[in-house]
Amino acid sequence: MESKTTYLSVLAMCMWLILVRYEASAAEESKGKELIENICKERGNRELCVEVLTSDPSSAEADLKDLAMISLKAAAENARDILVDAKKMIDNPDLEPSMQQGLADCKENLLDAESQINDAVASILSNNKHDAQLWLKAALAAIDTCDNSIPGDDDILSKRSVEFRQLCNIAVAINKAMMGVKY
């Protein structure tokens with residue numbers, strides 16, 4: 001009786017592994033619009049996901065790696081835009097010193113986030129998906145630290161940081177799909 005239970009457990013585990021690999025293969029086989037729809041359909045920010053991933057002309061034939069690069073490019077551009085805004089705000093003489101210090105701290109974290117996005121790109125290009133995931137999580141942590149250093153949440157930086165998080169989370173979902181994990 002115990003051997004039947006063990007046999008059934010092993011069989012169930014094998015079937016599960018086959019199913020996970022099949023789903024990952026199916027995601028890798030689809031390209032372009034179909035793949036974008038599959039990636040974005042479960043996202044809470046579906047519209048942004050589709051808009052970003054279809055913004056690049058090469059997306060029509062894009063595979064997962066191409067889509068990861070498109071999303072990371074958008075995240076890097078967003079981080080640069082936030083950084084430009086932070087620099088402008090720091091120079092405002094009418095701001096309280098605590099706000100200026102918070103912005104200066106935020107600027108440093110934004111530089112870290114931008115660097116971590118670049119590290120994620122390098123990891124994906126070298127097929128090191130696990131490291132890419134770690135760099136993306138670090139970039140998300142950096143933007144959280146940036147937000148926490150600025151009082152309030154109604155400033156332009158806080159609003160843009162929401163989009164940065166969403167762009168990074170799209171890249172996380174795509175990277176997970178490349179690792180064979182359900183996105």
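The following exercises, each with a worked solution, concern a predicted model of a protein chain.

**Exercise 1. Overall architecture**

Determine how many helices and strands the protein chain has, and what pattern they follow along the sequence.

Solution. Begin with the count of secondary-structure elements: the protein chain has seven helices and zero strands. Next, read these elements along the sequence, which gives the pattern α-α-α-α-α-α-α. Then turn to the contacts between residues at least 6 apart in sequence: 69% of them join residues at least 24 apart. Finally, consider burial and surface. The protein chain comprises 183 residues, of which 40% count as buried. Its accessible surface comes to about 10300 Å², and carbon and sulfur atoms account for 54% of that area.

**Exercise 2. The buried side of helix 3**

Identify the buried residues of helix 3 (residues 46–54), and state which helices are included in what covers them.

Solution. First, list the residues of helix 3 that are buried: Leu48, Cys49, Val50, Val52 and Leu53. Second, look for the elements that cover these residues; they include helix 2 (32–40), helix 4 and helix 7 (156–178).

**Exercise 3. The environment of Gln116**

Establish whether Gln116 is buried or exposed, and which residues it touches beyond four places away in sequence.

Solution. Locate the residue first: Gln116 is found in helix 5 (residues 97–125). Its relative accessible area is 14%. Buried means under 20%, so Gln116 falls in the buried class. Leaving aside residues up to four places away in sequence, the contacts of Gln116 are with Trp135, Ala138, Ala139 and Ala142.

**Exercise 4. Salt bridges of Arg165**

Find the residues with which Arg165 forms salt bridges, and state which helices these pairs link.

Solution. The structure as a whole holds six salt bridges. Side chains of opposite charge can pair when their charged atoms come close. Take Asp144 first: it forms a salt bridge with Arg165, with the closest N and O atoms 2.9 Å apart. This pair links distant parts of the chain, since Asp144 lies in helix 6 (residues 129–149) and Arg165 in helix 7, 21 residues apart. Asp144 is partly exposed, at a relative accessible area of 34%.

Take Asp147 next: its side chain meets that of Arg165 in a salt bridge of 2.4 Å, N to O. This pair, too, links distant parts of the chain, joining helix 6 to helix 7 across 18 residues. Asp147 counts as buried because its relative accessibility is 17%.

**Exercise 5. A network of salt bridges**

Determine which residues are joined with Glu37 into one network by salt bridges that share partners.

Solution. Start from a single pair: Glu37 forms a salt bridge with Arg46, and their closest N and O atoms are 2.5 Å apart. Then assess each partner. Glu37 is partly exposed, with a relative accessible area of 25%. Arg46 also counts as partly exposed, at 30% relative accessibility. Lastly, follow the shared partners: salt bridges join Lys33, Glu37 and Arg46 into one network.

**Exercise 6. A charged surface patch**

Identify the residues that gather in a patch of negative charge on the surface, and explain why Asp81 meets the accessibility requirement for a patch.

Solution. The members of the patch are Glu51, Glu77, Asp81 and Glu163. Of these, Asp81 is found in helix 4 (residues 64–90). Its relative accessible area is 41%, which makes it partly exposed. A patch residue must have over 30% relative accessible area, and Asp81 therefore meets this requirement.

Technical notes
Residues are numbered from 1 along each chain as its sequence is written. This is a predicted model: local features need pLDDT of at least 70, side-chain atom pairs count only at pLDDT 80 or more; totals for chains, interfaces and linings use all residues. Side-chain values use heavy atoms; hydrogens and water are left out. Patches are made of residues with over 30% relative accessible area and no salt bridge: like charges are joined within 9 Å, nonpolar side chains (Val, Leu, Ile, Met, Phe, Trp, Tyr) within 5 Å. Accessible areas come from the Shrake-Rupley method with a 1.4 Å probe; for residues, only the protein chains shown count as cover. A salt bridge is a side-chain nitrogen of Lys or Arg within 4 Å of a carboxyl oxygen of Asp or Glu. Lys and Arg count as positive and Asp and Glu as negative; His and the chain ends are not counted. The place of a charge is taken as NZ of Lys, CZ of Arg, CG of Asp or CD of Glu. Helices (H or I, at least four residues) and strands (E, at least two) are DSSP runs, numbered from the N terminus. Buried means under 20% relative accessible area, exposed over 50%, partly exposed in between (1.4 Å probe, protein chains only). Contact means heavy atoms within 4.5 Å.
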